[in-house]
Amino acid sequence: EPAYDGVEAWELLQRDDAGYDAILLDRMMPRMNGMELLAKIKDQERFQALPVILQTAMGSPDAVKEGLKAGAYYYLTKPFERETLLAIVSAAVRDRRSQLELLAQLQQQRDTLTLLRYGEFQFRTVAEAKRLSALLSSVCPQPERVAMGLSELLINAVEHGNLGITYKEKSRLIQDNTWEQEMEVRLADPAYASRVASVMLTRD
């Protein structure tokens, strides 16, 4: 759904009942620029987990850092190939839908896990990290907020910790649409196959 400037985009977001899966945002726009709109989006709790892809001709390291620090899911510099854009948007939508599935699981598991007093869990894959995030966050005072942060931490433990994929490598793999395949390859590699991450939960 297109918006012709930042003000119209903000109005669309306010009227959206079903929920967008992702936002593709220009940095330079009339009336309200992309950075201003991104700040408004991330200031609203209901939009904080919504992936925003910032596209711009401003490709300096400082501009990229500013965009990512402001909460952009990805910073895409022009010019770019159509296939690159589609791969990044697809990854963002996949992540958003995974988040929504995570919240659905969270609701189902919350009551049962309140019986747990102590537990230690080990995991190897991103899928396991997501399921574990849903489970563990359900006993926290603000489970929806905790689920997103915990999921990111546990996924980072797999991708960047156990499998040694750097942020730069992940960016390239997402652009090439080979990120998931690379994860499977590394999980099967003897150099990484024995690595696990652990998380402990204590309720008192």
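**Sheet, helices and cores**

Visitor: Where does helix 3 lie?
Guide: This is a predicted model. In it, helix 3, residues 61-69, lies across strand 2 and strand 3. The helix runs at about 145° to strand 3.

Visitor: And those strands, what order are they in within the sheet?
Guide: The order is 1-2-3, in an open sheet of three strands with parallel pairing. Strand 1 (23-26) and strand 3 (74-77) are at the edges with a single partner strand each, so one side of each has no neighbour in the sheet. From one strand to the next, the twist averages 25°.

Visitor: How many bridges between strand 2 and strand 3?
Guide: Four, in the parallel sense; strand 2 covers residues 52-56. Ile53 is opposite Tyr74 of strand 3.

Visitor: Switching topic. Which residues touch the most other members of the largest nonpolar core?
Guide: Phe123 and Leu163, in a core of 29 residues. Helix 4 (82-113) gives the largest share, five residues.

Visitor: What does Phe123 touch?
Guide: Leaving out residues up to four places away in sequence, its contacts include Leu132, Leu154, Val158 and Val199. Polar residues are on the list too, among them Glu128 and Asn162.

Visitor: Leu132 is in helix 5, right? Which residues of that helix are buried?
Guide: Val126, Ala129, Leu132, Ser133, Ala134, Leu136 and Ser137. Helix 5 has 12 residues, 126-137, and reaches 16 Å from first C-alpha to last, close to the 16 Å expected.

Visitor: Which residues are in the other core, the one of 18 residues?
Guide: Ile23, Met32, Leu38 and Leu54 are among them, and that core lies apart from the largest one.

Conventions: Residues numbered from 1 in each chain as written. Predicted model: local features only at pLDDT ≥ 70, side-chain atom pairs only at ≥ 80, totals over all residues. Heavy atoms only, no water. Pairing = 2+ DSSP bridges. Helix = DSSP H or I, 4+ residues; strand = E, 2+ residues; numbered from the N terminus. Axes fitted to C-alpha atoms, helices over the stretch in contact; angles between N-to-C directions. Contact = heavy atoms within 4.5 Å. Expected span 1.5 Å × (residues − 1). Buried < 20%, exposed > 50% of the residue type's maximum accessible area, 1.4 Å probe, protein only. Core = buried A, V, L, I, M, F, W, Y, C linked by side-chain atoms within 4.5 Å.
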